[in-house]
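Here are a few notes to read alongside the structure. I hope they help you find your way around.

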Amino acid sequence: MGAVTGLVMLPLFYFYDALVRLAVYPTASQTDQISIIERVTVHQEKLSTWAAHAPSNQAHRHALVIAEKCRVLGAKAEAIEYYDRAIAKARENEYLNEEALANELAAKFYLEWGKEPIAQEYLINAYYCYTRWGAKAKVDDLEQRYPQLLAPILQQRRSLLTPNETIANIDSITTFHPSINKSVTSSSNTSVMLDLATVLKASQTLSSEIELDKLLTKLLQVVIENAGADKCALLLLKEDRLVIEATAQVGQQSTVLQSIFMEDSADIPHSLIYTVKRSLQPTLILDITLHPVLIADPYIISQQPKSLLCTPILYQGKLLGILYLENNLITGAFSSDRVKILNLLCTQAAISLENARLYQQAQNTLENLGQTEQFLRLIIDNIPQSIFWKDRNSVYLGCNHKFAQTSGVGVPENIIGKTDYGLPWTREESDCYVECDRGIMESGQAELNIIETIQQVDGKQIWSNTNKIPLRDKEGNVFGILGTSEDITKYHQAQQLLQQQKQQLEQALQELQTMQLQLVEGEKMSALGNLVAGVAHEINNPVGFIAGNIEPAKDYVKDLFSLINLYQKKFPNPGSDIQDEIDAIDLNYLREDLPKLLDSMKLGVHRIRSISTSLRTFSRADKDYKVPFDIHEGIDSTILILRHRLKANENRPAIEVVKNYGKLPLVECFAGQLNQVFMNLLANAIDALEQYNTERSLEAILANPNCITIQTRIADSGQDVLIKIADNGVGMSPEVKQKVFDHLYTTKPVGKGTGLGLAIARQIVVEAHGGSLSCTSELGKGTEFVIQISTQQQ
């Protein structure tokens with residue numbers, strides 16, 4: 001199959017080939033089973049690629065192949081997940097036939113497992129899907145093979161809507177019950193049986209009409225007959241406004257193509273219609289007198305209907321119109337059976353209305369163009385997309401000029417009567433095209449927006465968007481296929497370029513934010529460094545003067561004491577006046593204390609010089625290269641600057657700083673930047689402790705005193721140093737911890753935190769020093785930050 005890679009129908013081949021091989025796997029020999037799994041794995045990989053590029057077309061097929069593979073390999077849990085995923089994706093993207101197939105295969109899986117009740121649920125869903133698809137032979141097959149599981153359907157049981165039920169096969173319906181004065185929205189999987197013959201007859205009646213006026217007449221007639229209403233109105237959406245196109249009442253002739261804007265009509269309750277338009281969900285009113293909002297509607301006040309039912313008509317998830325029904329005779333007129341029938345009829349009505357709209361547009365276009373074949377040919381030949389159409393046997397009826405060139409036939413006339421096997425495709429390509437055509441004509445469902453790569457004849461690979469829709473005659477019967485294919489390579493390339501530009505912008509923004517962090521913190525630390533350096537300089541001058549004069553002062557005092565001793569020796573009796581003065585100044589104490597006083601002054605000068613040195617160490621300006629630095633000296637200088645915040649106050653005792661320093665070598669780093677990191681981490685630790693203290697009493701604080709622990713050591717690798725700064729504060733939740741290093745994220749009150757500190761700290765450690773900064777925290781136990789950097793930087 002390598003020669004046909006990129007064809008529109010190739011995924012279907014791999015999809016069904018994989019399912020067929022997995023179906024015969026249990027009865028195959030061991031050798032064949034190995035071969036089957038290998039082959040299916042290859043198919044699975046291809047489907048995975050297609051599903052990534054076109055999930056709306058291929059995701060459900062990929063999931064179903066995985067589910068079947070898990071089934072034969074005994075992986076039940078995975079099989080359950082992928083069966084449900086395949087069903088959900090098929091339903092979401094309106095692949096009714098493959099939704100039915102996925103449900104059927106899931107039912108077989110649960111039957112083999114012995115889970116019959118679960119299997120019954122899936123089989124009933126498959127039965128309904130096949131019925132809606134129109135696969136009568138398949139429906140008959142299920143009835144014959146699983147009569148017990150389909151017993152609820154075959155027995156034709158009926159049930160009425162109760163206060164706690166809503167309708168199966170309606171995703172969500174809002175019901176107002178007479179005994180409950182409020183709205184209740186719910187869903188139910190209750191298996192409620194429909195009159196299948198009635199539904200099929202009504203659906204066939206609707207699908208047989210493609211002209212809008214006749215379709216509207218039959219639609220209202222079918223709704224009146226099957227829904228139990230005595231008045232019905234159909235509103236269609238035109239340019240985002242609802243227009244009343246048809247009305248019908250029991251005993252009166254239907255009025256169609258009125259084209260009256262809803263706002264200009266007083267024949268329907270506007271508030272109910274607007275509610276359904278907004279929610280896109282059916283609304284059932286069992287007793288209008290108990291509805292809190294509608295009771296005030298002017299129409300309700302004047303007409304006083306008993307029961308109301310209003311449902312949207314959706315096509316591929318888009319609103320086409322709204323169907324309004326009322327019964328003026330009894331409350332609770334719309335039973336579950338009737339609502340279910342109406343639900344199925346609305347599905348067919350949506351398709352028929354869309355077909356009728358397309359048909360009407362085509363008819364109007366033909367009339368406007370004078371219904372001339374030459375003009376139509378001119379139009380389609382000037383359309384940039386490739387266009388072709390075939391009959392039920394996949395024989396080409398025509399194409400535009402672009403497709404004629406692509407297929408190699410030259411001019412459009414040469415393609416008439418040919419099949420895909422007569423064109424320059426490979427046999428495998430032609431098989432896939434014909435199989436796809438057959439599936440569309442049998443299901444009546446279009447294959448739209450198939451995005452894939454195609455290898456052209458000239459070897460160029462392009463991205464293509466292909467669509468195939470069934471062509472119907474006036475009776476609604478499919479008589480052929482209309483296909484379009486558009487080269488979207490430039491669009492795809494533009495999308496890739498746009499994504500690249502987006503990534504570049506995001507990178508530029510990140511760099512700008514980083515620069516902002518650096519500028520803000522750099523200015524802040526520069527100002528702080530200048531202030532600290534200035535203070536240290538101003539302190540040094542007077543301290544140097546004092547330190548330089550203490551030693552001479554001690555010598556002078558010593559000389560004076562020697563003179564006094566000599567004087568006392570020569571004049572032991574100085575007289576009463578001198579003796580009184582000696583006693584007054586306590587000369588003996590002064591001799592003993594004055595030297596001590598001078599020594600304490602010397603010690604104080606030494607302390608002031610130590611503080612000045614620490615200030616200069618903290619404020620040292622970084623060079624443009626890393627220099628050896630004593631980590632302990634940087635930490636000590638930071639603690640010194642923060643000492644005023646560590647002291648005791650009226651609310652708490654002093655915060656204890658425990659230093660467990662290991663023996664560290666000098667580390668090559670930007671010392672000023674690392675001091676900035678130490679400042680941020682220690683200041684945050686103090687903030688965390690003070691915040692924790694606001695939640696505790698003094699007794700609780702004394703029982704568990706505030707403590708900051710700083711530990712340093714060589715890492716086990718021997719190449720790095722570890723610096724751990726921990727507090728015993730309140731700690732952080734996992735959510736806060738996850739975002740703690742984010743730019744501008746802070747937990748502090750407004751005006752007390754910028755959200756820059758930790759972001760800058762991580763940037764300094766990680767980007768400037770090639771290290772790491774991590775955080776561990778637990779609520780109620782505290783937080784620890786760990787810095788790890790290499791001793792020798794590159």
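1. Let me begin with Ile300. Leaving aside its neighbours within four places in sequence, Ile300 touches Pro269, Ile288, Leu294, Ile295, Pro305 and Leu308. Please keep in mind that this is a predicted model.

2. Where does Ile300 sit? You will find Ile300 in helix H12, which spans residues 298-303. Its relative accessible area is 3%, and because the cut-off for buried is under 20%, Ile300 counts as buried. If you would like a distance to check in your viewer, take Thr289: this residue and Ile300 are eleven residues apart in sequence, and their C-alpha atoms are 9.2 Å apart in space.

3. For another isoleucine, turn to Ile379 in helix H14 (residues 373-382). With a relative accessible area of 32%, Ile379 is partly exposed. That value is over the 30% a residue needs to be part of a patch, and Ile379 does help to make one: together with Phe375, Leu376 and Leu378, Ile379 forms a nonpolar surface patch of about 330 Å².

4. Helix H4 deserves a look of its own. This helix runs over residues 76-92, 17 residues in total, and the distance from its first C-alpha to its last is 24 Å, close to the 24 Å expected at 1.5 Å a residue. Just beyond the helix, H4 is followed by Glu94, which has a positive phi, near 65°.

5. Which residues of H4 are buried? They are Ala79, Tyr82, Tyr83, Ala86, Ile87 and Ala90. These residues lie on the same side of H4 because the arc they cover around the axis is only 135°. Ala77 and Glu92, on the other side of H4, are exposed.

6. What covers the buried residues of H4? The cover includes three helices that you can pick out in the view: H3 (55-73), H5 (96-113) and H6 (116-133).

7. Finally, some totals for the protein. Its secondary structure comes to 25 helices and 20 strands. The protein has 794 residues, and 43% of them count as buried. Among contacts with a separation of 6 or more, 60% are between residues 24 or more positions apart. The accessible surface comes to about 42,000 Å², with 53% of that area belonging to carbon and sulfur atoms.

Note on methods
Residues numbered from 1 in each chain as written. Predicted model: local features only at pLDDT ≥ 70, side-chain atom pairs only at ≥ 80, totals over all residues. Heavy atoms only, no water. Helix = DSSP H or I, 4+ residues; strand = E, 2+ residues; numbered from the N terminus. Expected span 1.5 Å × (residues − 1). Buried < 20%, exposed > 50% of the residue type's maximum accessible area, 1.4 Å probe, protein only. Arc of directions from axis to C-beta. Contact = heavy atoms within 4.5 Å. Areas by Shrake-Rupley, 256 points an atom, 1.4 Å probe, with all protein chains shown as cover. Patch = residues over 30% accessible without salt bridge, like charges linked within 9 Å, V, L, I, M, F, W, Y side chains within 5 Å. Salt bridge = Lys/Arg side-chain N within 4 Å of Asp/Glu carboxyl O.
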